[in-house]
Amino acid sequence: MSDILLKVENLSVEFDTPRGPVRAVDGVSWQVRAGETLAILGESGSGKSVSTQALTGILEMPPGRIVSGTASYRGEDLIAMSVKERRRIVGDRITMVFQDSLSALNPVQSVGKQIAECYRVHRGLSRSEAMKRAAEMLDRVRIPAAAKRVNDYPHEFSGGMRQRVMLAMALALDPDVLIADEPTTALDVTVQARILELIEELQAERDMGVVLITHDLGVVADVADNVVVMYAGHVVERAATADALEHPVHPYTEGLLGSMPSADLKGQELPTIPGTPPSLRSIPSGCAFRTRCPHVVEECADEVPPLLTVAPGRDAACIRRTTMPAKEAV
Amino acid sequence: MTLSLALVLSSCGDGNGDGSGSGTGAKSEIIAIAADPLEYINPLNDNGSPGIQVAMAMFSPLVTTDPNTGKTVNVMAESVTPDKTSQTWTVKLKAGNTFQNGQPLTAKDYVDSWNLTAQGSNAWKNNGFFSKVDGYDELNPPTPDGATPKPTAVKAMSGLKLIDDLTFSVKLKVPFSQFGLTLQYLGLAPLPEEVRKNPDAYKRKPIGNGAYKLDGEWNAGEDIKLVKWDGYKGPNAPEADSITYRFIPNADTAYNEFLAGTVDFVDVPPTKIKTFKTDAPDGWVTGVSSGANYLVMPAWDQRFKNPKLRHAFSMAIDRKAFADLVGLATPASGLIAPDMNGYREGACKYCSFDAAKAKQLLQEAGGFSGPLNINYNTSSATGQIFAEAIGNMLRQNLGLEVKYTGKQGSEIGELADTRKLDGLRFSGWGHDYPSIEDYLTPMFKSNGDANFSGYSNPALDKVLAQGDAEPDPEKAIAIYQQAEDIALEDMPLIPLYTKSNAYLHSAKIEPRVSKYVGVSALYATFK
Amino acid sequence: MSEVQAVVGAEAQELGDGRTLYNRELLRALLRKPQFVACSVLLLVFFTMAAFPKLFTSADPRFCELTKSRQSAADGHPFGFDIQGCDYFANVIYGARPSVLVSIVASFGIFLLAGTFGLMAGYFPGAVDALISRTADVLFAVPGIVLLIVILNSVPNRSIWVIVGVILVIGWPAGMRLMRSTVFSVRNREYVLAARSIGVPPLRILRKHVFPNAMAPLLAMTTLGIGGMVGLEAALTFLGVGLQPPSISWGSQFGVAAQYRDTPHLFIWPALFISTMTISFMIIGDSIRDALDPKLMR
Amino acid sequence: MIRFVARRVLAAIPIGLIVTLGVFALVFAMPGDPLRELAGDKPIPAAVLAAKRAQYHLDDPFIVQYLLSMKDILTGNFGTTFAGADIADQLRLRIPVTLKLTLLANAFQWTLGLFFGIYAGFKRNGLVDKSLLLATLVLLAVPGLVAYFAAQYLFGVELKWFPVSGVLEGFPRSYLLPALVIGLLGFAGLARLMRTSIVETVNADFVKTARAKGLGEQRVLWRHILPNALLPVVTFIGIDLAGMFGGAIITESIFNLPGLGQFMFQAIKLKEGGVVVLLSTLAFVSFILINLAVDILYGVLDPRVRHV
């Protein structure tokens, strides 16, 4: 097995709101190895983006606040280190790609300049050298006529092309870990596939760890090696993608899978998880999912179910599935 | 040219010290004038007080009033003598006076300057002064509305006669015993020939005959800097070596400038009347009353027709309290300013405050219908305040309904002229020459120059004509007083107060204060 | 005035995302802010003063004794006497009505005018927009204060309504521009397109869909601009074209008194009332703006 | 670019005509006889009035007067005011005064406003931010009149730090106090706007991107936040600058600065339609030019609205 590049342990993040603090991420742990693609799966508001933003230091603090936890990059805790030290790693060794490329790119700077900035700041290259590298990078992500478009502005690109620019910027410095926060959500399906392919290809080329944040099971199924499922700030299931998809342990994962369109269900009404995700301000006591869970029992309300190992490399947080045998042997 | 050069040289040799004389000389003063900057200096085409104030330093009049005795004394004139009927006046000039360009001052300069002014198509502001002179009408033919007055073929008034180099005579249309007094008006100053030929070219480089001349160039927007002119041979030369007139349009700002110590002399604006003594405890003077102020009853409005109603209005006003509000003011008890020769304390029978009597008079007059409108001038800082004070008294003491209208002075004047003004307005009058006639004729004679109320009483006109024809000054005054009595009984104007002006001066100067001619910074003495 | 409006307009534009907020939610958010509550109470006091001055003073503001001109506070006359010797407390209380009227009526008049014209210009591009926008350009190009002076000098009787009217004439273009640009961003939203596609008449679309979703920035601008109106009225008095007696207003009181330095009570009281009311309006405007700010919600 | 400028200038011409015609009509409709105000303290004979009237075309019909005024303006042959002042002279003297005042006031306003606005917005809810919000509230609530009189009395008359009024001490001393007061009053608005704009931009996604790139805070602020946050501010500065040229009537009057504002005020009082229209035209032209400059600058700052 390759090295663990980024290891998050017991990370908790709170937000101060006018009505008191709200815990957006609660005791989350995960890790990503070189060459691995880890998917963090969850609905919006589940805390999946907050955890990565917190460890990279780009979360707005205040109102955000890291309550506990560590995030080690090659053994160094990103959370404990000073802002200056972290900047050596974030943006250089760990880079990010965001969902909405139109708003995530500076509208008044040419894309070339924005990519070149990475080389200028982290590598100290001269302006012309940096611009040259930026053009090369654009070419790498298959932007046609890259050398010409390097001086264009973000609004002059199509959505897919813009996402490629984002990728070019993130990969410019050949990072160890790429955190991709819903990189394809805003794109249509064919473009989405091409971007994912591109990520995979570049990952393979560089033996890079990829953290893919998404709410789309399909994407997970396509590209992820391992998956971490989050619900209301908690990790509810952690498994190799194939295992999780085939034999989900947590009822939430199960529900997600059930609501995925597939050939088997053709002609039937698509089943959905009843209810809506809880507001962070009013998370139910005990298991956060119990209000929507088909298997709920009284004990679910007693305490937050711990994340327990149910099989090698598989953890889940459900008292029904971890204390009593699952309905199917795991 | 040679002569003026010599003068400049001699002034340098005079021990003025710094040679340039730009206000830093031993005796120099900066006088603030709270008005927009002058655009030209030409006393014949200027009747505003800023212009006249500057002209006083640069031009010298024929006669003037002695500040100590109040008598008329000669300045440029050797003598001014009327004929028996006071219709023709002979002016003889002193010999040896010159203009600042070196040319001798002659009778022809006066006659030609006056004719130039009297020519209507020139549109000079002091044109009206000559309307009393025989032949004026030929230079001012009636012009139909909208037409441009053309220069007339006749260029000279037949009443002006050149007798010799230093003597000329003025024949008036009708006898006028006060004409000699009027000659002190600076609007009658002489212009030298070169200026008369092309007045526009000399707007900013006037050539006077007075004690001061321009120091260097005077460009638009600059202070007017004057230095003593050594060629002046007349009497009454002031003490200052150099004088700077500085224009500060906002009177309160000018006052603040004085407090900050940048000017030597400033008028106290009406808003500072209550504070100036504490603001400048060692540097203030007050002058005698400079003019009389009135409330004007419109003769064209039938509601004001009954004299009893006018008396009622007059008696409903607490003049003492009003004068306190105005500040430095004396409640009026007649139509004439108190320091005039011929003033009678208590001439007005209806000027005492008596609310009960006023109410009774109003009833006898049949009351007043509709709201009473009081007009005030919005350009004046105190216009609205004074209007409200009068309005409150009329409202509370007579039970009238009162409303107020603020307008620009020009609009009020125009409405009054066309007999369209609704209700009361304020007016003030200061004499041009020290005679009670200069109050009565303009304001009360039918169609007088300043007959604001549109008042006309043939009896009064007749008395005035008698006075004008009376050569003996004392007798004339007694006749004029009869006219004042008639006006007071008819009361087209309600006398309110006469006001003194206050001035602040720096420790360096002591302004001349005269019972007869008021306060003068020009004639200040230096410490 | 126009300066404040411009700032506020630009400030408000930032949040003009066309969000509707449930009134109850907005009110609850506002009531949680102590400064909003305090300023609302103050404004309520001013409004009551304007509506029922007799509740605050039994003195007749028009009973004047000139002999008491400018005397300072005395028994029963807490603010002393004004220039005319009238009870100043009563005058300041009675001065609330025109001041409040000018500020409220002018502000909301501008809100209505700017709102209507902005809606029309934003929703009907082409002739309507051109007409309205060009008219606004003309008014923008003439210095507002010049128009004020000229027009107020021309009218025969400067009543409070004339002053309000002139302020309306020169005040609406700024708000119109703001409204127009917000409408531009709203008019192609899904709900508007949907309404249009099912044949809802334009007026109804404007009233039910566009206006509620586009009015927030203009509303914030209006509340923040209200205070400036009272200051403007004072400036008019300084320029000789303010309210005429017997109308009493804080602006004209201040304008008249500003030059009488020796009796500070004459200008301190109206200035204090003007400033308090202005600050109250501004804090309320700020609070509404903050409450509408999406980032602070949830 | 040239086409853009040309189109804007062409569009401005009809507006300019309406503005001048409208202003002239308003002044024409003002009651009161213009020459009477000029008459000074004493009445003027009818013949003199008629002559003056002819000299200034006051006896012509409205439209003729307007056309004559426009002809004078367009040919640069301004003539004299009713009071006899050479108008070209006046402009030569007054434009620099107004320019100096406006530019100095704007310099104060921008320096202070941008600096505090940027700082407060970037360190939102910090001490500087909170004090700035309070200070600007107070400044916005103080009527301009109060501020001018108070400043003149305190700093000019009492403390004597600055000249009370006038322009005698030249630039910049004579202009410092009024410019400072105008600048402070305007600063409140600008600082608030700048602050809001920064606050809005700080939360933008591209700022997160910039931080994720490992950029220092200073670089994030100056290279990424500010260029974007300046956009709405630039528009405001344009409006503000264009407005100031129209004349600071009240300031100029209180501080006795012989600028265009006082000229305008006098001209209105005297009903000098020609001068009012001339000054309005001047204000209008500068308004158009400044707005054009702002639009071009905006295009430079924001590639999305670049005018090719």
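## A tour of the predicted model, chain by chain

Select chain C, which holds 12 helices and 0 strands, where helices (H or I, at least four residues) and strands (E, at least two) are DSSP runs numbered from the N terminus. This is a predicted model, in which local features need pLDDT of at least 70 and side-chain atom pairs count only at pLDDT 80 or more, while totals for chains, interfaces and linings use all residues. Residues are numbered from 1 along each chain as its sequence is written, and chains are lettered from A and ligands numbered from 1 in the order in which they are written.

### Chain C

Following chain C from the N terminus on, the elements run α-α-α-α-α-α-α-α-α-α-α-α. Of the 298 residues of chain C, 55% count as buried; a residue is buried if 20 or more other C-beta atoms lie within 10 Å of its own, exposed if 12 or fewer, and partly exposed in between, with C-beta atoms placed from the backbone. Among contacts in chain C between residues at least 6 apart in sequence, 73% join residues at least 24 apart, a contact being two residues whose C-beta atoms, placed from the backbone, lie within 7 Å.

Now select residues 250–257 of chain C, which make up helix α11: because 8 of its 8 residues are buried, this helix is largely enclosed by the rest of the structure. The buried residues of α11(C) are W250(C), G251(C), S252(C), Q253(C), F254(C), G255(C), V256(C) and A257(C).

### Chain B

Move to chain B, where 4 strands form an open sheet in the order β4-β5-β7-β6, with antiparallel pairing; two strands pair if DSSP finds at least two bridges between them. At the edges are β4 (77–82) and β6 (160–164) of chain B, each of which pairs on one side only. Neighbouring strands of this sheet are turned by 20° against each other on average, direction ignored.

Select β5 (residues 88–93) and β7 (residues 167–171) of chain B, which pair in the antiparallel sense over 5 bridges, and find V91(B), which stands opposite F168(B) in β7(B). On to β6(B), which pairs with β7(B) in the antiparallel sense over 4 bridges and forms a hairpin with β7(B), 2 residues lying between the two strands. Here L162(B) has F168(B) in β7(B) as its bridge partner.

Which side chains of β7(B) point to one face and are buried? They are F168(B) and V170(B), whereas T167(B), S169(B) and K171(B) point to the other face and are not buried.

Add helix α3 (residues 107–118) of chain B to the view: this helix lies across β5, β6 and β7 of chain B and runs at about 170° to β6(B), the angle being taken from 0 to 180 degrees between N-to-C directions of axes, which are lines fitted to C-alpha atoms, for helices over the stretch in contact.

Next pick V80(B), which lies in strand β4 of chain B. V80(B) is partly exposed, because 18 other C-beta atoms lie within 10 Å. Not counting residues up to four places away in sequence, V80(B) touches L62(B), V63(B), W89(B), V91(B), G180(B) and L183(B). The C-alpha atoms of V80(B) and T167(B) are separated by 9.9 Å, although these residues are 87 apart along the chain.

### Chain D and its side towards chain B

Show chains B and D together, since this pair has the most contacts among the 5 pairs of chains that touch. In this pair, 41 residues of chain D are in contact with 39 residues of chain B. On chain D, α2 (34–38), α3 (46–55), α5 (87–122), α7, α11 (249–254) and α12 (260–269) each supply at least two residues of the side that touches chain B, and the largest share, 7 residues, comes from α3(D). By contrast, no contact joins chain A and chain B, whose closest C-alpha atoms lie 49 Å apart.

Within chain D, select α7 (residues 144–158) and α8 (residues 173–202), whose axes come within 10 Å and cross at roughly 140°. Here G144(D), A147(D), Y148(D), A151(D), F155(D) and G156(D) in α7(D) meet L177(D), V181(D) and L185(D) in α8(D).

### Confidence

Finally, colour chain D by pLDDT, the predictor's confidence in each residue, from 0 to 100. The mean pLDDT of chain D is 80, and 93% of its residues reach 70 or more; among its elements, α2(D) has the lowest mean pLDDT (71) and α5(D) the highest (86). The model as a whole scores ipTM 0.72 and pTM 0.76.
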